[in-house]
Amino acid sequence: MSEEQTSPTSWHPGEVVPESGIYECDCGAGHHWSTDVKGHRFPPLPAGCSGAAWTLQTDAHPDS
């Protein structure tokens, strides 16, 4: 009866950034936000954006 635990694939504004990298909002319009430091908080989504969360597009340190 064990349930497999999965990592989240999207994060909401204000949540802590889990991995340094380039994140894109989930609305599909291509808004990007670059974050250099793991541990910062996600910014608000762009004005007028219909998305709800940020998704990792490019990991800044893929080999770590």
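Contacts between residues at least 6 apart in sequence are a good place to start: in the protein chain of this predicted model, 56% of them join residues at least 24 apart. The chain has 64 residues, and 25% of these count as buried. Its accessible surface comes to about 4600 Å², with 50% of that belonging to carbon and sulfur atoms.

**The strands and their sheet**

What elements does the protein chain contain? There are three strands and zero helices, and read from the N terminus the order of elements is β-β-β. In space, the three strands form an open sheet with antiparallel pairing, and there the order is β2-β1-β3. Which strands lie at the edges? They are β2 and β3, each of which pairs on one side only. On average, neighbouring strands of this sheet are turned by 30 degrees against each other, direction ignored.

Here are the residue ranges of the strands:

| Strand | Residues |
|---|---|
| β1 | 21-25 |
| β2 | 32-35 |
| β3 | 54-59 |

Let us look at one pairing in closer detail. Strands β1 and β3 run antiparallel and are joined by five bridges. To find one of the partners, start at Ile22: its bridge partner in β3 is Thr58.

**Glu24, a charged residue in β1**

Strand β1 also holds Glu24. Is Glu24 buried or exposed? Glu24 is buried, yet it has no salt bridge. The nearest side chain of opposite charge belongs to Lys38, and it is 22 Å away. What does Glu24 touch, leaving aside its neighbours within four places in sequence? Its contacts are Gly30, His31, His32, Ala53, Trp54, Thr55 and Gln57. Among these, Trp54, Thr55 and Gln57 fall within the range 54-59 of strand β3, while His32 falls within the range 32-35 of β2.

**Thr35, a residue in β2**

Now move to strand β2, where Thr35 has its place. Why does Thr35 count as buried? Its relative accessibility is 7%, and buried means under 20%, so Thr35 counts as buried. Leaving aside neighbours within four places in sequence, Thr35 is in contact with Val17, Glu19, Ser20, Gly21, Tyr23 and His40. Gly21 and Tyr23, two of these contacts, fall within the range 21-25 of strand β1, the strand that stands between β2 and β3 in the sheet order.

Terms used. Residues numbered from 1 in each chain as written. Predicted model: local features only at pLDDT ≥ 70, side-chain atom pairs only at ≥ 80, totals over all residues. Heavy atoms only, no water. Pairing = 2+ DSSP bridges. Helix = DSSP H or I, 4+ residues; strand = E, 2+ residues; numbered from the N terminus. Axes fitted to C-alpha atoms, helices over the stretch in contact; angles between N-to-C directions. Buried < 20%, exposed > 50% of the residue type's maximum accessible area, 1.4 Å probe, protein only. Contact = heavy atoms within 4.5 Å. Areas by Shrake-Rupley, 256 points an atom, 1.4 Å probe, with all protein chains shown as cover. Lys, Arg positive; Asp, Glu negative; His and termini not counted. Salt bridge = Lys/Arg side-chain N within 4 Å of Asp/Glu carboxyl O.
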